[in-house]
2 protein chains.
Amino acid sequence: MRKVFNFSAGPAMVAEEVLLQAQAEMLDWQDTGMSIMELSHRGPEFKKVVDQAEADLRELMVIPKNYYVLFLAGGASTQFAMVPLNLLATNKKADYIDTGIWSKKAIAEAKRYGNVHIAAQLDESDVRLRIPSQTVWSQRKDAAYVHYTPNETIGGVEFHWLPQTGNIPLVADMSSSILSRPIDVSAYGIIYAGAQKNIGQAGITLVIIRDDLVKEPLPGTPTLYQYLIQAENKSFYNTPPTYSWYIASLTLAWMKRQGGVKVFAERNQRKAQKLYDVIDNSSDFYVNPVDPECRSRMNVPFNLKTDELTALFLDEAKKAGLTNLRGHKLVGGVRASIYNPMPEEGVNALVDFMREFAKKYG
Amino acid sequence: MRKVFNFSAGPAMVAEEVLLQAQAEMLDWQDTGMSIMELSHRGPEFKKVVDQAEADLRELMVIPKNYYVLFLAGGASTQFAMVPLNLLATNKKADYIDTGIWSKKAIAEAKRYGNVHIAAQLDESDVRLRIPSQTVWSQRKDAAYVHYTPNETIGGVEFHWLPQTGNIPLVADMSSSILSRPIDVSAYGIIYAGAQKNIGQAGITLVIIRDDLVKEPLPGTPTLYQYLIQAENKSFYNTPPTYSWYIASLTLAWMKRQGGVKVFAERNQRKAQKLYDVIDNSSDFYVNPVDPECRSRMNVPFNLKTDELTALFLDEAKKAGLTNLRGHKLVGGVRASIYNPMPEEGVNALVDFMREFAKKYG
């Protein structure tokens, strides 16, 4: 078992089995005498990795046949530009749901390319952050798409329901929640996710896109930012980040061996509940700022009463082998990110530590 | 010693020492209890990797202080767009030197953003491919920059002299020749290179850019494609490809331990000469299509008389542990890519094999 549990928001923990396999194969992948990182992306060996990764992902997420699966270089921030560049060529209107810092980043980039309307915004007027119900959203009937962020990594705010957008394509930045629970892919136009939280290591971003949305982009769109080019070339227009793709493939295979998305969903639910329970039963020693109905199961942020206590918490946690718990610099406090590869043992250790710490300093 | 020598054009061989170190550190990087791929890009641990990589690169290439060093996600093809998008905002004129397939790709992308003039083109009229001397180039005096490809990976054509462009910034796609010989960085405006040939694994591209060229880009340039944003954020605007960066850092450190760029330049010269010697002394059993004055020291392409003989050569070479020698699909034949991490033993083994093969079938 790992001697350290790493609660980083991303890059984040990778399953130990995946690391052990990558380690074992480092100098000789499947008797080729070469590391997978040394192999041509166009060769038959790497094609096996790619084909298996796509097959496993399609099986895990039950992806319909009319969706392309792309593995593109860079992080999810590339998609903040690619989505509007590719979807706003004929209709400039895009609706965005703003539930936090990552939504705002997607919005800022989209505004450079189209007519962006914020159809709903996180309700910060109440004591706790709350996603407004869809009944009060101001969606436009003629938008080219609606973009939302199912899980906000920094705020720890998550949708536990699916927005209904009728015929208007729904676009989701699932960087921090992909593969964490079963979803109905057919309800989405585009799903994208950086790999460094639930699918392995940084450097590659997954894009699942319905085939009718793969079309002529805005003029001037860089070639590599065109879904059309990437789909036609099966993400091989230029040299892809092969090792990141390989680690993603190992992670997907590991997920299958563990029993698939449903098993992880149950595990993630238990992991998050344990943390929220210790927070809610701490007599406000720990405070989570999010309404229970939209708390994240992936990122659990909480505050302590003073900066000194927070610093002490982070320091003692690190000594106990519980690392990278510092909240994002924009919000401060503490944040435990508990993606699929975080084992329940890690959460149990954190829960025990939190109880002890509250007892000691409460 | 490696049991297989991999002559792939990229992704390509990585130094064995680098792979062994990566393997040893896979589950526990410097006593953190974590893999480097699991560590936050914003943490102090990864900063050590980044700072050391930049310091080593600056030392190896003697990079002046007025140059930024960026490590950007994606391959060199991203730069085909970034260069014109960032350099043509006020002056749309760009001169390009076309010496092969990679030059043509850069040219095609630049034409989408500016007024591109081909100032010189590979001379294919002669028996052997030849880079025209600069005396016959038709450079424009008011171009925003001149772009060239010092080494053409597919054609095996290399500049062994530095184009003189006066006050006009010289931009070089050094993907397949960076760090293979000493160069005068101050003679360039921008040097860029995908990492998967001489600097490790795919997924990251190095950009060395003179500070006065970091400026307002064309309107609509995606945020991540802006040198200004990337330079201001030290390549950390969004999550970078951390593991590719780490492998680059290990490769740069290995180069330093080996004695630096001069040592590799001598080694590369010897390696290439051995191959050209066996080709030139084969009574046309092997033919290299490039004028000796502009033959590449990184990629040595050659042809055999028939497709059948080529297929047999590739098949028998593979059985002898000499792999990925197939020429690029656009030109066929055989190609031996012999970047820095290819040891001299690998070239010796190939030379011996070529002699034997020519004796047997010649």
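**Stop 1: two helices of chain B**

Start in chain B, where helix 1 and helix 6 cross in a right-handed sense. Before you zoom in, keep in mind that what you have open is a predicted model. To see the crossing, select residues 16-24 for helix 1 of chain B and residues 242-258 for helix 6 of chain B; their axes come within 9 Å and cross at roughly 130°. That angle makes helix 1 of chain B oblique to helix 6 of chain B.

Now show the side chains where the two helices touch. From helix 1 of chain B, pick B:Glu17, B:Val18, B:Gln21 and B:Ala22. Across from them, helix 6 of chain B brings B:Tyr243, B:Tyr246, B:Ile247, B:Leu250, B:Thr251, B:Trp254, B:Arg257 and B:Gln258 to the contact. If you colour by class, this contact between helix 1 and helix 6 of chain B shows 7 nonpolar, 3 polar and 2 charged residues.

**Stop 2: a turn before helix 1**

Step back along chain B to B:Gly10 and B:Pro11. Which form does the peptide bond between B:Gly10 and B:Pro11 take, with omega near -5°? The bond is cis. You will find B:Pro11 in the loop between strand 1 (5-6) and helix 1 of chain B.

Switch to chain A and select A:Gly10 and A:Pro11, which are also joined by a cis peptide bond, here with omega about -10°. A:Pro11 sits in the loop between strand 1 (5-6) and helix 1 (16-24) of chain A.

While you are in chain A, select A:Gln30 too. Its phi is near 45°, a positive value in a residue other than glycine. A:Gln30 lies in the loop between helix 1 and helix 2 (44-61) of chain A.

**Stop 3: the sheet of chain B**

Return to chain B and show its strands. In what order do the 7 strands of the open sheet of chain B lie? Following the sheet across, you pass 2-10-9-8-5-3-4, and the pairing is mixed. At the edges are strand 2 (67-73) and strand 4 (115-121) of chain B, each with a partner on one side only. From one strand to the next, the twist averages 20°.

For a closer look, select residues 190-194 and 204-210 of chain B. These are strand 9 and strand 10 of chain B, which pair in the antiparallel sense over 5 bridges. One pair to label is B:Ala193 and its bridge partner in strand 10 of chain B, B:Leu206.

Next, add the helices that pack on this sheet. Helix 2 of chain B (residues 44-61) touches strand 2 and strand 10 of chain B, and its direction makes about 125° with that of strand 2 of chain B. Helix 4 of chain B (residues 101-111) touches strand 3 (93-98), strand 4 and strand 5 (145-148) of chain B. The direction of helix 4 of chain B makes about 160° with that of strand 3 of chain B.

**Stop 4: a parallel pair in chain B**

Stay in chain B and select helix 7 (residues 261-280) with helix 9 (residues 344-361). Are these two helices roughly parallel or roughly antiparallel to each other? Their axes come within 10 Å and cross at roughly 5°. Helix 7 and helix 9 of chain B are therefore roughly parallel.

Where they meet, helix 7 of chain B offers residues including B:Arg267, B:Lys271 and B:Leu275, while helix 9 of chain B offers residues including B:Glu344, B:Val347 and B:Met354. The residues of this contact between helix 7 and helix 9 of chain B divide into 7 nonpolar, 1 polar and 6 charged.

**Stop 5: chain A as a whole**

Finish with chain A. It has 9 helices and 13 strands. Its radius of gyration is 21 Å, close to the 21 Å that the globule rule gives for 362 residues, so chain A is as compact as a globular protein of that length. Along the principal axes, the C-alpha atoms of chain A fill a box of roughly 60 × 55 × 30 Å.

As a last selection, take helix 3 and helix 4 (residues 101-111) of chain A, which pack at an angle of about 45° with their axes 8 Å apart. That makes helix 3 of chain A oblique to helix 4 of chain A, and the crossing is right-handed. Show A:Ser77, A:Phe80, A:Ala81 and A:Pro84 from helix 3 of chain A, meeting A:Trp102, A:Lys105, A:Ala106, A:Glu109 and A:Ala110 from helix 4 of chain A.

Notes: Residues are numbered from 1 along each chain as its sequence is written. Chains are lettered from A and ligands numbered from 1 in the order in which they are written. This is a predicted model: local features need pLDDT of at least 70, side-chain atom pairs count only at pLDDT 80 or more; totals for chains, interfaces and linings use all residues. Side-chain values use heavy atoms; hydrogens and water are left out. Axes are lines fitted to C-alpha atoms, for helices over the stretch in contact, and angles run from 0 to 180 degrees between N-to-C directions. Helices (H or I, at least four residues) and strands (E, at least two) are DSSP runs, numbered from the N terminus. Angles under 35 degrees count as roughly parallel, over 145 as roughly antiparallel, 65 to 115 as roughly perpendicular and the rest as oblique. A crossing is left-handed if the near helix is turned anticlockwise from the far one by less than a right angle, and right-handed if clockwise. Contact means heavy atoms within 4.5 Å. Ala, Val, Leu, Ile, Met, Phe, Trp, Tyr, Cys and Pro count as nonpolar, Asp, Glu, Lys and Arg as charged, and the others, Gly among them, as polar. Two strands pair if DSSP finds at least two bridges between them. The radius of gyration is taken over C-alpha atoms; the globule rule is 2.2 Å times the number of residues to the power 0.38.
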